[in-house]
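Colleague: Please walk me through some labels in this model. I want the cut-off behind each one.

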Amino acid sequence: MCGIIGYVGHQQAAPILLDGLARMEYRGYDSAGVAVRSETKGLQVYKSKGRLQVLSDMIHGGADVEGTLGIGHTRWATHGEPNDVNAHPHVSEDGRIALVHNGIIENYHELTEQFHLEGSLISQTDSEVAARVLDALYDGDPLKAIQKLQELIVGSYGFCILFDDQPGSVYAIRRVSPLVASYTHAGAIIASDLTALIPYSNQYFVVPEDKIVRLTPYKVHV
């Protein structure tokens with residue numbers, strides 16, 4: 001199983017994301033990555049094959065990455081070999097959307113053809129297809145775009161999503177794949193495993209299937 005974490009709050013996100021991913025290392029993985037948004041640098045994506053420590057060293061424990069909201073992922077390869085390109089997060093072609101994904105999109109071949117993505121994908125993953133389709137559906141309304149994506153996808157998924165033009169919000173949705181969320185003194189946190197939330201809160205809720213969750217520094221909206 002892969003690990004997912006998302007955070008938005010008042011603290012720097014990257015160290016929190018790395019800590020959460022470290023707490024989920026027992027689940028097994030072959031690569032890791034984070035995407036963090038800041039007002040000055042926009043979406044910043046860092047990912048690498050191998051142990052989480054490789055990623056942590058790359059960004060000096062998160063100290064090199066500015067921003068108070070972000071998403072992180074540890075991947076166990078199901079589509080595509082373990083490498084830097086296939087690692088999550090995946091981004092849209094124009095870089096305005098980043099997402100992490102657990103699960104399997106059964107109809108990703110059909111979506112690739114429907115949205116004319118052949119030849120433009122850079123990874124071998126079904127997850128990049130989801131990012132590209134979401135980008136095609138997005139017209140400035142994240143909820144509407146995510147709902148349309150949900151209606152198109154066949155399979156299981158847990159998504160955490162960043163939109164570059166939606167500062168202060170992390171979006172998530174799941175079907176089958178687990179996600180738990182909590183509002184804490186540090187902000188709002190979501191993860192695929194309760195262990196990632198332990199340092200911040202002992203109160204949490206399981207994200208309902210097929211419900212879109214929006215996390216802000218002050219609230220978790222369903």
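The exchange below takes the labels one at a time.

Modeller: This is a predicted model, where local features need pLDDT of at least 70, side-chain atom pairs count only at pLDDT 80 or more, and totals for chains, interfaces and linings use all residues. Residues are numbered from 1 along each chain as its sequence is written, and side-chain values use heavy atoms, with hydrogens and water left out.

Colleague: Why is T125 called buried?

Modeller: Buried means under 20% relative accessible area, exposed over 50%, partly exposed in between (1.4 Å probe, protein chains only). T125 has 2%, so it is buried. T125 lies in the loop between α3 and α4.

Colleague: What makes the pair T125 and H90 a polar contact?

Modeller: The term needs a pair of N or O atoms within 3.5 Å; within protein, one must be able to donate a hydrogen and the other to accept it, and residues adjacent in sequence count only if both atoms are side-chain atoms. The side chains of T125 and H90 are joined at 3.3 Å.

Colleague: Why is Y204 called partly exposed?

Modeller: Its relative accessible area is 41%, so Y204 falls between the two limits. Y204 sits in the loop between β10 (187-191) and β11 (205-206).

Colleague: Why is α4 called largely enclosed?

Modeller: Because 11 of its 12 residues are buried. Among them are V129, V133 and L137. The cover includes α3 (108-114) and α5 (142-152).

Colleague: How do you know that the span of α4 is close to the expected one?

Modeller: The expected span is 1.5 Å times one less than the number of residues. For α4 (residues 126-137) that is 16 Å, and the helix reaches 17 Å from its first C-alpha to its last.

Terms used:
Helix = DSSP H or I, 4+ residues; strand = E, 2+ residues; numbered from the N terminus. Contact = heavy atoms within 4.5 Å.
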